[in-house]
Amino acid sequence: MTFNIEHCKIIDLPKIHDPRGNLTFVEGGNHIPFDIQRVYYLYDVPGGAERGGHAHKWLHQLIIAMSGSFDVLLDDGKGKQRYHLNRSYNGLYVCPMIWRELDNFSSGSVCMVLASNRYDENDYYRDYTQYVETRR
Ligand code: TYD
């Protein structure tokens, strides 16, 4: 299967409204098209910082703005799409083989990522030119 940015999308997660505070949940293989093997999060991001700047060979991810907001720029070597994430009940599904850059972090924002596999440096393309070559 050839993955491109059309396979990436905002997923509306379930939201249980409650006067005591709202609740959202994510079930691997149900609300998102993969099982969750890893969770990581970015926090204390200084103003103007950029994260990401790589693609994954086989990793599926869901990116959620748990608090605050930030932008995710997706690029498949042919087209680009920028998403602004600012709702903790929305997740951006990112399929494998998509270059991503995260920027425009608001003060105090938290970016949580649900991932389909454990951390593996061999899964990364960290060089954009090399990544684009593989997409030709
Ligand atoms: P990286 O994936 O480049 O961060 P980001 O995409 O958020 O900018 O990872 C930064 C560093 O953290 C790198 O040295 C690898 C390490 N790391 C882990 O050890 N485990 C993980 O699950 C992740 C995501 C990163």
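These are legends for several close-up views of one structure, which is a predicted model.

**View 1. An edge-to-face pair of rings joins tryptophan 99 and tyrosine 128.** Eight aromatic pairs turn up in this model, and here we zoom in on one of them. The ring centres of tryptophan 99 and tyrosine 128 are 5.1 Å apart. Their planes meet at 80 degrees, and anything over 60 counts as edge-to-face, so that's the label this pair gets. The two partners come from distant parts of the chain, 29 residues apart. Tryptophan 99 belongs to strand E10 (residues 99–103), while tyrosine 128 belongs to helix H1 (residues 128–134). How much of each residue is open to the outside? Tryptophan 99 has just 4% relative accessibility and counts as buried, whereas tyrosine 128, at 34%, counts as partly exposed.

**View 2. Trp99 and Tyr128 are part of a ring cluster.** Pull back a little from the pair and two further tyrosines come into the picture. Ring pairs link Trp99, Tyr125, Tyr128 and Tyr131 into a cluster. One of these rings, that of tyrosine 125, also has a charge for company: the charged end of lysine 57 sits over it, 5.3 Å from the ring centre.

**View 3. Arginine 126 lies over the face of tyrosine 124.** Here's another charge over a ring. Arginine 126 is 4.0 Å from the centre of the tyrosine 124 ring. Keep both residues in mind for the next view, as Tyr124 and Arg126 are among the residues around the ligand.

**View 4. Nine residues' worth of shell: four nonpolar, two polar and three charged residues surround the ligand.** The shell is made up of Arg38, Tyr40, Leu42, Arg51, Gly52, His54, Tyr119, Tyr124 and Arg126. Strand E4 (38–42) and strand E5 (51–56) are the elements that give two or more residues to this shell.

**View 5. Arginine 38, glycine 52 and histidine 54 make polar contacts with ligand oxygen.** Which atoms do the work of reaching the ligand here? Arginine 38 uses an N or O atom of its side chain, which is 2.5 Å from an oxygen atom of the ligand. Histidine 54 also uses a side-chain N or O atom, again with 2.5 Å to a ligand oxygen. With glycine 52, a backbone N or O atom lies 2.8 Å from an oxygen atom of the ligand. As for cover, the ligand has 520 Å² of accessible area on its own, and the protein covers 63% of that.

**View 6. Aspartate 44 and methionine 97 have positive phi values without being glycines.** Aspartate 44 has a phi of about 55 degrees. You'll find aspartate 44 in the loop between E4 and E5. Aspartate 44 has a relative accessible area of 69%, so it is exposed. Methionine 97, with phi near 65 degrees, is in the loop between strand E9 (90–94) and E10. Is methionine 97 buried or exposed? Its relative accessible area is 16%, so methionine 97 is buried.

**View 7. Two buried side chains, serine 109 and aspartate 75, reach backbone atoms.** Serine 109 is in the loop between E10 and strand E11 (110–115) and has a relative accessible area of 2%. Its side chain reaches the backbone oxygen of serine 106 at 2.8 Å. Aspartate 75 is in strand E7 (residues 70–75), with 4% relative accessibility. Here the target is a backbone nitrogen, that of glycine 77, which the aspartate 75 side chain reaches at 2.7 Å.

**View 8. Isoleucine 64 and methionine 66 are both found in strand E6.** The strand spans residues 61–67. Isoleucine 64 is buried, with a relative accessible area of 2%, but methionine 66 is partly exposed, at 39%. How far apart are the C-alpha atoms of methionine 66 and cysteine 111? They are separated by 5.9 Å, although their positions lie 45 residues apart along the chain. For isoleucine 64 and methionine 1, set 63 residues apart in sequence, the C-alpha to C-alpha distance is 25 Å.

Note on methods
Residues are numbered from 1 along each chain as its sequence is written. This is a predicted model: local features need pLDDT of at least 70, side-chain atom pairs count only at pLDDT 80 or more; totals for chains, interfaces and linings use all residues. Side-chain values use heavy atoms; hydrogens and water are left out. Rings of Phe, Tyr and Trp (its six-membered ring) pair if their centres lie within 6.5 Å; planes under 30 degrees apart count as stacked, over 60 as edge-to-face and the rest as tilted. Helices (H or I, at least four residues) and strands (E, at least two) are DSSP runs, numbered from the N terminus. Buried means under 20% relative accessible area, exposed over 50%, partly exposed in between (1.4 Å probe, protein chains only). A charge sits over a ring if NZ of Lys or CZ of Arg is within 6 Å of the ring centre and within 35 degrees of the ring normal. A residue is near a molecule or strand if one of its heavy atoms lies within 4 Å of it. A polar contact is a pair of N or O atoms within 3.5 Å; within protein, one must be able to donate a hydrogen and the other to accept it, and residues adjacent in sequence count only if both atoms are side-chain atoms. Accessible areas come from the Shrake-Rupley method with a 1.4 Å probe; for residues, only the protein chains shown count as cover. Ala, Val, Leu, Ile, Met, Phe, Trp, Tyr, Cys and Pro count as nonpolar, Asp, Glu, Lys and Arg as charged, and the others, Gly among them, as polar.
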